[in-house]
Amino acid sequence: MTGDELRQFFLRFFEDRGHKIIPGSSLIPRGDPTLLLTTAGMAQFKPYFLGLEKPPSPRLVSCQKCFRNTDIDSVGDTKHLTFFEMLGNFSIGDYFKREAIAWAWEFVTEHLKLPKERLWATVYLDDDEAFNYWREVGIPAEKILRFGEEDNFWGPAGDSGPCGPCSEIHYDLGVEAGCGRPECKPNCDCGRFSEIWNLVFTQYDQSPDGKRTPLPKPNIDTGMGLERTAVVMQGKYSVYETDLFLPLIQRICRLTGKCCGKSDSDDRAIRIIAEHGRGIPFLIADGVLPSNEGRGYVLRRVLRRASLFARRMGLDKPFLNEVAEVAIDRMGDIYPELTVNQDLIGEVIKAEEERFINTLDSGLNLVERLINEALEQGREWLQGEEVFKLHDTFGFPQELTAEIAKEKGLSIDWEGFQAEMEKQRERARAAGITVTLHVPDTTIEIPPVSEWNIQVTMPVGKFVGYETTSCEALIVGLRVKGQLVDTASRDEEVDIILDKSPFYGEMGGQIGDIGEVSGDKGRVVITNSVRLPSDVIINRGKVVDGSISVWDLVEAKIDVARRLDIARNHTATHLLQAALRQILSHRVSQRGSLVEPSRLRFDFSWRAAITEEQLTQIERRVNERIRQNLWVKAKIVPYKQATAEGAIALFEEKYGEQVRVVEVGEPAISKELCGGTHVKSTGEIGFFLITGESSIGIGLRRIEAVTGSGAESLVEKRLATLQGVAEETGSSPEEVDSKVKALVSELEKERKHSLSLERELSRRIADCLLEQTQQVNGVTVLSAKVPSLTMPVLREMGDILRDKLKSVIVVLATIYNDKPNFLAMVTPDLVAKGFHAGDIVKQVAKVTGGGGGGKASMAQAGGKDVAKLDEALNLVKSIVASQAKRARQV
């Protein structure tokens with residue numbers, strides 16, 4: 001049975017038993033800040049288990065792509081994977097242990113035809129109920145083992161959420177696959193027993209502090225690893241021998257000229273390249289791009305790890321694209337996002353791999369040098385300071401340093417590494433820069449809004465803002481300082497939940513509404529509105545008059561003018577995307593946006609800088625659509641119908657069965673799935689003006705723009721600037737361009753003339769200085785203060801003096817822009833004797849509170865304190881004398 005057949009077989013088995021097939025979600029979790037990447041099949045169903053959302057069916061089944069970055073360093077053996085597919089059946093308050101166990105046993109024994117004598121079960125220590133159900137299906141008691149929390153209790157996907165005891169099915173691969181010990185049983189590290197299915201009995205909700213409370217209804221969350229089960233079904237011992245990996249392995253062997261089974265180190269490298277080469281395109285297709293933080297760092301880390309091991313096998317040019325192409329060909333039919341984003345995947349991999357290859361050789365040499373030094377000194381670790389320097393100065397990932405060191409039996413001083421990172425943080429804080437630390441076991445903070453543990457048992461927080469800007473509503477929930485309260489009083493910051501709300505909660509790049517909530521007893525100024533994953537809207541604000549209480553009848557009113565400005569910018573983003581797809585390519589896809597009252601920002605996939613001509617075309621196209629005053633309409637339709645009709649969906653979003661489609665024009669020139677607020681016709685936008693275009697990463701561009709009154713204000717400001725320049729130059733606005741060009745040309749002529757005079761002056765000063773040399777321990781030294789000169793001219797003066805004096809140390813100082821500058825030069829004969837210009841100028845500049853450096857033959861520096869310039873020059877003779885003494889000792 002192939003991997004594709006197994007996937008389909010599983011889904012159909014549970015569909016026949018009343019389960020609804022749900023497409024797997026993106027690797028980027030939606031609305032769950034506790035997860036970096038999707039790590040389990042239940043991640044997208046978490047709101048159902050918590051009662052925050054109503055599931056489309058109480059019985060669900062899916063095949064979920066997953067990525068576990070905690071296993072990166074383990075990839076290379078025969079069993080660990082970062083990217084894998086998880087088959088799972090789920091019960092949301094419907095069936096429980098008996099049915100889950102019975103169906104699992106039926107599937108593996110009657111449908112997969114696995115021999116019963118090779119199957120074992122494990123249960124949680126005190127789970128007698130599960131033990132008895134396994135006995136009912138026919139497993140002997142001696143083949144049902146009990147284990148503790150580490151093995152048979154399933155924690156939440158993240159640091160909070162649904163969890164509970166679990167029961168596993170293990171398959172015995174045979175004595176020949178094991179350690180040979182008589183006590184060898186499931187959970188033995190030898191690998192003889194393969195866990196193919198985990199049945200999680202979700203009974204609790206775990207909070208971030210580890211507290212567990214019973215769920216209103218127990219649930220079932222199961223996970224059958226597709227790759228592991230394929231190993232069993234295809235009679236193999238490793239996932240890399242199955243049809244899921246074989247095409248990748250074959251391509252890598254052809255690229256490297258290596259064969260599997262000849263060398264343990266080569267086999268490990270091939271497995272690493274194959275595994276990472278399969279996961280990388282999935283990450284990129286779901287919107288992850290290389291960066292130095294978060295998901296982007298995970299992608300960068302696996303890509304560079306694969307590149308490192310390829311280099312060790314003799315590949316010194318970019319190659320991962322070819323491996324990714326095999327993965328796309330193999331899995332593109334199942335996961336169409338791979339095919340849709342194939343060009344972007346290729347561009348990102350190529351650019352990132354080329355960037356890393358440029359630093360790889362020097363990085364490897366430095367790591368090897370550090371390892372040799374540690375071994376020579378008898379140390380069993382690499383110093384944290386050294387590892388940090390590799391990371392910070394040379395861009396060599398600390399994880400790769402650790403992996404290479406481990407092969408030599410060395411560890412890393414992580415405390416020292418983190419101490420160096422903290423020093424950099426302090427320096428960065430002083431300069432106003434943010435630094436992200438990437439070390440093992442980092443955690444993600446949960447925003448306070450996620451602490452609302454709302455069980456949706458009645459309609460609350462319903463958004464009515466499409467139809468109205470104000471409404472009467474009931475207060476159904478209040479929170480002050482993180483605590484649920486019945487009443488909030490004057491001057492208290494408060495979060496409010498209404499039974500219905502005209503306030504748009506921040507979502508999809510559009511910021512939340514502001515306004516006020518007022519009743520007979522009090523008034524609250526709303527400063528932000530946010531939306532929970534359950535679509536409940538929370539209005540955040542401050543009580544400015546009286547007090548408000550739960551069950552008060554209030555009037556909720558938004559700031560209408562602000563909403564209209566937001567709507568103009570939001571509709572403009574739709575027109576902008578349509579223009580980009582028409583002028584650049586239909587392959588352009590949105591990668592993010594920000595819609596505020598004053599501006600809009602639109603991020604999209606595109607491989608090259610946009611030319612000025614293209615930007616002009618895009619801007620004109622959008623304004624053309626605005627002048628046409630096209631209707632903007634929204635409708636609710638089934639998701640499949642919307643996509644079939646060509647509606648654009650966001651790459652990272654998870655949509656329900658019914659979706660809102662916003663169309664512009666008839667026939668539509670833009671059609672997108674969107675929950676935001678919009679104008680009724682494009683003419684209301686007024687005017688669209690692009691204010692910036694830039695790169696924000698490999699294969700990613702950003703356009704910023706303004707509309708309506710924002711565009712009007714910008715035009716007025718620019719016209720005022722133009723008029724001001726015209727008046728200053730004594731011309732009309734129409735003549736400003738030619739007038740400014742003439743002035744610039746004239747200034748350039750004067751600058752060249754000034755530079756010529758400065759150089760002539762420097763030559764004459766140099767001639768005068770030839771008579772001012774001194775002898776220090778047999779070395780000719782010239783140190784002098786000269787009139788204000790630019791550094792290029794100061795270097796020319798130094799060249800003249802060096803060439804004429806033949807054997808000399810020259811130190812020149814000048815004051816330029818009210819700051820001291822220094823230049824030091826040493827002729828080759830004196831460099832050979834140990835004199836160093838960089839050391840000299842560094843010590844001299846230090847006297848004035850500055851610093852600098854350079855080569856032994858020439859160096860320059862800057863200072864701060866002009867008053868200490870003479871004192872600094874007086875130090876030159878003693879510095880030269882000290883270097884001369886060291887030179888004699890050598």
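These legends go with a set of close-up views of a predicted model.

**View 1. Strand β30 sits between two partners, β29 and β31.** Start with β30, which covers residues 779-785 and is mostly covered, with five of its seven residues buried. Strand β29 (residues 774-776) pairs with β30 in the antiparallel sense, over three bridges. If you want one of the pairs to look for, Gln774 has Val781 in β30 as its bridge partner. The hairpin made by β29 and β30 has two residues between the strands, and Asn777 there takes a positive phi near 50°. With strand β31 (residues 809-816), β30 pairs in the parallel sense, this time over five bridges. Here you can pick out Ser783, whose bridge partner in β31 is Val811. To get from β30 to β31, the chain goes through helix α21 (residues 791-805), and this β-α-β crossover is right-handed.

**View 2. Helix α21 has its buried residues on one face.** The helix has 15 residues and reaches 21 Å from its first C-alpha to its last, close to the 21 Å expected at 1.5 Å a residue. Which residues of α21 are buried? They are Met791, Val793, Leu794, Met797, Gly798 and Leu801. Look down the axis of α21 and these buried residues fall within an arc of 160°, so they line one face of the helix. What do the buried residues of α21 pack against? Their partners are α20 (736-769), β30, β31, β32 (819-826) and β34 (858-862). Just after the helix comes Lys806, with a positive phi of about 70°.

**View 3. The largest nonpolar core has 121 residues.** The members that touch the most others are Val108, Leu114, Trp134, Trp197, Ile284, Leu382 and Phe396. Helix α12 (residues 342-376) gives the most to this core, chipping in 12 residues. Zoom in on Trp134: setting aside neighbours within four places in sequence, its contacts include Ile101, Trp105, Ala121 and Val123. Also among the residues in contact with Trp134 are Ile139, Ile144, Ser167, Ile169 and Leu199. Apart from the largest core lies another, of 29 residues, and among them are Leu600, Ile610, Ile626 and Val662.

**View 4. Helix α3 covers residues 97-111.** This helix has 15 residues and reaches 20 Å from its first C-alpha to its last, close to the 21 Å expected at 1.5 Å a residue. Its buried residues are Lys97, Ala100, Ile101, Trp103, Ala104, Trp105, Glu106, Phe107, Val108 and Thr109. Just after α3, you'll find Lys113 with a positive phi of about 60°.

**View 5. Arg17 is found in the loop between α1 (3-15) and β1 (20-21).** Is Arg17 buried or exposed? Its relative accessible area is 19%, and under 20% counts as buried, so Arg17 is buried. Not counting neighbours within four places in sequence, Arg17 is in contact with Arg59, Trp103, Glu106 and His111. Trp103 and Glu106 may ring a bell from View 4, where they are among the buried residues of α3.

**View 6. Glu619 lies in helix α17 (residues 612-627).** Leaving out residues up to four places away in sequence, Glu619 touches Phe688, Leu689 and Ile690. Leu580 is also worth finding: 39 residues separate Glu619 and Leu580 along the chain, while their C-alpha atoms are separated by 9.7 Å.

Conventions: Residues numbered from 1 in each chain as written. Predicted model: local features only at pLDDT ≥ 70, side-chain atom pairs only at ≥ 80, totals over all residues. Heavy atoms only, no water. Buried < 20%, exposed > 50% of the residue type's maximum accessible area, 1.4 Å probe, protein only. Pairing = 2+ DSSP bridges. Right-handed = clockwise from strand over helix to strand, strands pointing away. Expected span 1.5 Å × (residues − 1). Arc of directions from axis to C-beta. Contact = heavy atoms within 4.5 Å. Core = buried A, V, L, I, M, F, W, Y, C linked by side-chain atoms within 4.5 Å.
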